[in-house]
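User: I'd like to go through this model feature by feature and learn how you read each one. Can you walk me through it?

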Amino acid sequence: MPTLPAIAPDLLARLQKRTPLLWLNPALGSALPEGSPCFADIDEADARLVRCAGLMAHLFPELQSSAGLIESPLTRVERLQQTMENATESDAAWFIKSDHALPIAGSVKARGGFHEVLALAEKLALEHNVLAPESDRRELAGDAARELFAQYTVSVGSTGNLGLSIGVMAAALGFQSVVHMSTDAKAWKKDRLRKAGVQVVEHAGDYAEAVAAGRAQSLADPKGYFVDDENSLMLFLGYAVAARRLATQLAALNRPVDATHPLFVYIPCGVGGAPGGITFGLKALFFEHVHCFFAEPVASPCMLVQLAADETAPVSVYDIGLDNRTEADGLAVGQASHLVSPLMRSQLSGAFTVADAQLYVHLHRVAQTEGVLLEPSAAAGFDGPRWLTHSDQGEAYLRQHGLERHMASATHIVWTTGGSLVPREEHEQFQARGQVLAAQDELA
Ligand SMILES: *Cc1c(COP(=O)(O)O)cnc(C)c1O
């Protein structure tokens with residue numbers, strides 16, 4: 001018998017039974033590990049995206065209206081809030097951060113993925129003197145750069161959305177582009193990639209196996225570059241830039257974030273790169289005034305088990321007998337990123353788990369009240385406000401941080417991470433399923 005990770009027995013039992021729960025991180029506020037990324041690293045990523053904006057607008061005409069920046073709206077969701085909480089307590093404000101609508105890649109992966117490919121393109125072009133440090137990044141779309149990039153292969157292992165982001169960006173710059181996917185990845189994602197000129201390689205097994213296979217193939221190729229979702233600083237920093245953009249949006253909406261105006265952010269978590277980067281960026285701006293919670297499927301709570309086990313050795317959901325099978329394909333990850341989990345140990349307020357059925361209930365409610373269409377993974381965060389305000393653990397958290405009397409001036413942001421590229425027929429199926437489950441939910 002393998003030994004079980006050192007998780008408290010009652011928590012372990014509830015995780016194994018797949019009971020949705022809120023876990024609070026006891027190490028919140030501890031020091032970051034030595035050698036952690038810093039503010040200047042986020043600055044650099046931010047500056048890269050700004051100087052590459054002209055290039056992006058040139059490569060993707062749909063970015064002309066945003067002058068080449070990849071950004072999503074922060075949207076108040078009053079009707080959704082009213083249907084999900086008692087009207088008496090609705091002084092707080094709910095928003096969605098609409099990354100489901102990020103251009104080109106249709107998911108939060110546009111943030112990290114585009115940043116990493118742009119960083120690679122700049123680096124290669126500078127090394128081979130087809131770009132000068134100060135010159136316009138649109139030169140990366142010129143003949144000399146394309147000829148250079150065509151010699152290199154950019155590859156990635158992905159359940160889908162990261163592949164869409166990396167694959168499309170790499171192909172647009174003229175790289176050879178390969179996406180390794182598990183066979184259960186959605187057919188439309190594979191089709192879309194192939195149409196964009198990306199080679200799709202299918203692997204039996206789960207996400208981690210697709211990543212491992214891709215990594216091994218890429219390492220064997222001297223002109224191969226592997227985007228390592230389990231360990232990529234460039235992805236992480238691209239995600240972290242989101243926090244600054246969000247801060248600007250909050251300021252424009254007159255939503256302060258300080259000791260009397262707490263900010264709660266709920267983000268779906270797969271391997272942890274996207275929610276971890278966003279959390280890291282937010283903590284750098286708002287310190288203890290921002291409270292970040294991850295949402296994970298009951299079958300795949302990889303960040304929760306890694307942090308709850310409080311071990312540096314990797315812990316996976318398989319180790320506690322879970323099967324990592326969920327319809328939230330963007331979150332079907334058995335083991336958290338070992339780059340991100342040590343950072344989240346200091347910064348994450350907690351994590352909650354969500355049953356698959358609940359994802360459909362949420363995505364149906366969001367469509368009904370706000371007209372927003374999400375994929376299942378992207379609906380994982382909507383239980384967040386209720387966990388904080390209507391559970392023993394949530395109330396304990398608020399008490400512990402002296403927040404109870406400030407909840408009327410709180411801002412809750414649910415990060416909606418994907419959905420706008422999902423074909424209409426798939427959305428219809430999601431909605432039909434959500435309608436049935438929501439009706440059952442209301443009867444219960
Ligand atoms: C990838 C993804 C996430 C989570 O990002 P990680 O970096 O894997 O934690 C959340 N939602 C959607 C839709 C995704 O594609």
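Analyst: Happy to. Keep in mind that this is a predicted model. Let's start with a helix: H12 has eight of its eight residues buried, so the rest of the structure largely encloses it.

User: Which residues of H12 are buried?

Analyst: They are Cys302, Met303, Leu304, Val305, Gln306, Leu307, Ala308 and Ala309.

User: And what covers the buried residues of H12?

Analyst: The cover includes helix H1 (9-16), strand S1 (22-24), S9, H13 and strand S10 (350-354). Have a look at the end of the helix too: Asp310 follows H12, and its phi is positive, near 50°.

User: Which other residues have a positive phi without being glycine?

Analyst: Two to look at are Phe287, with phi near 50°, and Asn324, with phi near 60°. Phe287 sits in the loop that links helix H11 (273-286) to strand S9 (290-297). Asn324 is in the loop between helix H12 (302-309) and helix H13 (341-347).

User: Is Asn324 buried or exposed?

Analyst: Buried means under 20% relative accessible area. Asn324 has 6%, so it counts as buried.

User: H13 has come up as part of the cover. What can I look at inside H13?

Analyst: Try Ser346, which lies in that helix. Its relative accessible area is 5%, so Ser346 is buried. The side chain of Ser346 reaches the backbone oxygen of Ala31 at 3.0 Å. Beyond its sequence neighbours within four places, Ser346 is in contact with Ala27, Leu28, Gly29, Ser30, Ala31, Leu32 and Pro33.

User: Now the nonpolar core. How many residues does the largest one have, and which have the most contacts inside it?

Analyst: The largest nonpolar core has 145 residues, and Phe149, Leu173, Phe175 and Phe264 have the most contacts inside it. Helix H10 (residues 233-252) gives the largest share of this core, eleven residues.

User: What does Phe264 touch?

Analyst: Leaving out residues up to four places away in sequence, Phe264 touches His291, Phe293, Leu388, Tyr397, Leu398, Leu403, Met407, Ala410, Thr411, His412 and Ile413.

User: Thr411 is on that list. Where is Thr411 found?

Analyst: Thr411 is in strand S11 (residues 411-416). At a relative accessible area of 1%, Thr411 is buried. For a link between parts of the chain, compare separation along the sequence with distance in space: Thr411 and Leu263 are 148 residues apart along the chain, yet their C-alpha atoms are separated by 4.9 Å.

User: What else is in contact with Thr411?

Analyst: Not counting neighbours within four places in sequence, the contacts of Thr411 are Ala93, Phe95, Leu250, Arg255, Pro262, Leu263 and Phe264. With Arg255 there is also a polar contact, side chain to side chain, at 3.0 Å.

User: Which polar contact does the side chain of His203 make?

Analyst: Its partner is the side chain of His180, at 2.8 Å. His203 lies in strand S6 (residues 199-203), and His203 is buried, with a relative accessible area of 15%. Apart from residues up to four places away in sequence, His203 touches His180, Met181, Ser182, Thr183, Ala210 and Ala213.

User: How do I read the cysteines? Why does Cys292 have no bond to Cys269?

Analyst: A disulfide is a covalent bond between the sulfur atoms of two cysteines. The cut-off for calling one is 2.5 Å between the sulfurs. For Cys292 the closest cysteine sulfur, in Cys269, is 12 Å away, so that is too far for a bond. The count of disulfides comes to zero. Cys292 is buried, at 0% relative accessible area, and Cys52 is also buried at 0%.

User: Last stop, the ligand. Which residues come nearest?

Analyst: There are 16 residues around the ligand, and Lys109, Asn161, Gly270, Gly272 and Thr417 come nearest. For the individual polar pairs, check which atom of the ligand takes part. A polar side-chain atom of Lys109 is 2.6 Å from a ligand oxygen. Val271 uses a polar backbone atom, 3.0 Å from an oxygen atom of the ligand. With Thr417, a polar side-chain atom lies 2.7 Å from a nitrogen atom of the ligand.

User: How much of the ligand does the protein bury?

Analyst: Taken alone, the ligand exposes 370 Å², and the protein buries 98% of that.

Terms used: Residues are numbered from 1 along each chain as its sequence is written. This is a predicted model: local features need pLDDT of at least 70, side-chain atom pairs count only at pLDDT 80 or more; totals for chains, interfaces and linings use all residues. Side-chain values use heavy atoms; hydrogens and water are left out. Buried means under 20% relative accessible area, exposed over 50%, partly exposed in between (1.4 Å probe, protein chains only). A nonpolar core is a set of buried Ala, Val, Leu, Ile, Met, Phe, Trp, Tyr and Cys residues joined through side-chain atoms within 4.5 Å. Helices (H or I, at least four residues) and strands (E, at least two) are DSSP runs, numbered from the N terminus. Contact means heavy atoms within 4.5 Å. A residue is near a molecule or strand if one of its heavy atoms lies within 4 Å of it. A polar contact is a pair of N or O atoms within 3.5 Å; within protein, one must be able to donate a hydrogen and the other to accept it, and residues adjacent in sequence count only if both atoms are side-chain atoms. Accessible areas come from the Shrake-Rupley method with a 1.4 Å probe; for residues, only the protein chains shown count as cover.
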